[in-house]
Amino acid sequence: MSYKFVEHPADIAVEVEGHSLEELIKSACLAWREAAMDLTSFNKESSKKFIFNGNTPETVLIELLSELNFQLYSKKWVFVTIQNLIIEKTDTGYYLEIELFGQTFHPEIHKMKEEIKAITYHQMKIEKVGNQLKTLIVFDV
Amino acid sequence: MKISGIEIEKLNDNLWEIPPFGGMIVPGRIYASEKMLTETIQNDEALKQVVNVAHLPGIQKYSLAMPDIHWGYGFPIGGVAATDINEGVISPGGVGYDINCGVRLARTSLEFDKAKNHIQKLIENLFNDIPTGVGSSGAIKKLSSKEIKRILRDGAEWAVQNGFGTEEDLLHTEENGKIKDADPEAVSERAIERGMDQSGTLGSGNHFLEIDVVEKIFDEKTAKVLGLFENQIVIQIHTGSRGLGYQVCEDYLKLLVQSEKKFGFKLPDKQLACAPIKSTEGQNYLGAMRAAANFAWNNRQIIMHLAKNSFKRTLKISDPELSFGLVYDVCHNIAKIEEHIIDGVPKKVCVHRKGATRAFPSHNNLIPEKYRSIGQPVLIPGDMGRYSFVSVGTEKAMEETFGSSCHGAGRVQSRHQALKEAKGKNLIDELSKKGIVIQAKGYKTIAEEMPHAYKDVSDVVEVMHNAGISTKVAKLKPIGVIKG
């Protein structure tokens, strides 16, 4: 499970990978958090659970990261750890369930690094490379 | 010649064409100098995106690129495409996430010599009065969902009705700051929540408020109509629809990606997801996008009013002494239904301008009466260390570019590269030596937005001027900047 930020002409691009879809999605969540937040002083004070359905693994991944974005900028809530994550192939596509621990964002204590406008579909394609699943994710900032 | 593997033909010194191949319905046309094309444009995938846009159902005449073209999502930034309203599509990727990101220019009666000793204090006060930075909020009291819906319907009119400006301001705003047929009901609750406390906030990234001095006038007669003169203090505001607009784009992009099979379009990039203009999905997006555009006009109107008050308070002067007034407000991320001549016949089309400014000519009924003798002002901000330009639209723009021109400089370095290059430098000091005071939420923004991270905007403006699309009126030099 890992991620690496790579050069992008205007925005933030990150290569994420994992041995499984679960690992890749966890890497993507951590990469999003590192891009958006300076996470130095957080507590696990509340939990939230989200469910997404989509045609492809890319769709549910974008929906999840977009939800994290919405939680931060609108609900002022940031996730600290991923408690549970289930991703399953269904008859119609993919089902993703995630439970996160996190806390309320306090501007006087916490620091946002970037305002991520959106998670883009640009060049996102989850592919098997060797024994790893990989994709590039571009955050529009 | 071949650039990035794409065959491209020179039509003249400022215009290049990509002949149709594969699934392209129309040719691509790029306004650029040879130097720009071979030195900067070829460095990213923008040309490939010009080709991709030429695949859009119902596209008319050309897939166009302005000289500030660079890699975007789906459409290139600096891209213009018009689609037939009966057989064509609308694409959120042709507008962008920051719906109605735009620029406004306001003039004062102050001359540089009289204001120069107050710039530091002015910038401090502007920075305190106008919320900037990531997730900035709280310029005005938090509005209810009902009030936000009024803004989505009424645009900048809401600001004026609530004491943030004058009727005169509305007359000098594109669409009078209130685009018709906005549909607040097509905007999700989630988008409304995201924009709830962001009216009157600048945001982060390349958004800014700048105090400029008019350094040079190229066209005296036109400048006089715009109320501009050399050594005059003016301000520029660059921001958009904030989180509300980002969410509208995200919501509809998701919907249209999911509807791909329903419409049966085979497009080369998911970010080009689109819907027939007359479909329910297309009409809903248009209504929501217009509502977000109204939110952006209201946002810039409030910011301008806060800036005017900062000037008055700092300089301890009255309204008549400051003589503050809006020159014009343009949007550069939008899709609009307009009438253009196609094959000699007037036709209604949906003009997508993504990182492109409307540039209508003189005598056009859609521009303010006051400017009908000169053409629509085109505001082209550069980077924070060099200059910006004011141009006006021309008849040639109507003939060639669906009445569109460039919108800015465009990055030449990634944020990461800019940060690396800024290491060990004192950028605030460097700007100060050039006579520019800057205040930002964090040093990182200053480093990412440093002047040499951007192309020289004068190259961009020159191509449009020489091509006869928008002609130069004035050059502005920054002397004070606030950023997120």
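Which residue in strand 6 of chain A is the bridge partner of Lys89(A)? Keep that in mind as you go.

This is a predicted model, where local features need pLDDT of at least 70, side-chain atom pairs count only at pLDDT 80 or more, and totals for chains, interfaces and linings use all residues. Residues are numbered from 1 along each chain as its sequence is written, while chains are lettered from A and ligands numbered from 1 in the order in which they are written.

**Stop 1: the sheet.** Select strands 4, 5 and 6 of chain A. They form an open antiparallel sheet in the order 4-6-5. Strands are DSSP runs (E, at least two residues), and helices are runs of H or I with at least four, numbered from the N terminus. Strands pair if DSSP finds at least two bridges between them. Strand 4 (46–54) and strand 5 (77–89) are at the edges with a single partner each, so one side of each has no neighbour in the sheet. From one strand to the next, the twist averages 20°.

**Stop 2: strands 5 and 6.** Select residues 94–104 of chain A, which are strand 6. Eleven bridges join strand 6 to strand 5, and the two run antiparallel. Now the opening question: Lys89(A) has Tyr94(A) as its bridge partner.

**Stop 3: the helix.** Select residues 57–73 of chain A. This is helix 2, lying across strands 4, 5 and 6 at about 145° to strand 4. Angles run from 0 to 180 degrees between N-to-C directions, with axes fitted to C-alpha atoms, for helices over the stretch in contact.

**Stop 4: where the chains meet.** Show both chains. The contact takes 25 residues from chain B and 19 from chain A; contact means C-beta atoms, placed from the backbone, within 7 Å. On chain B's side, helix 10 gives the most, with six residues.

Notes. Two residues are in contact if their C-beta atoms, placed from the backbone, lie within 7 Å.
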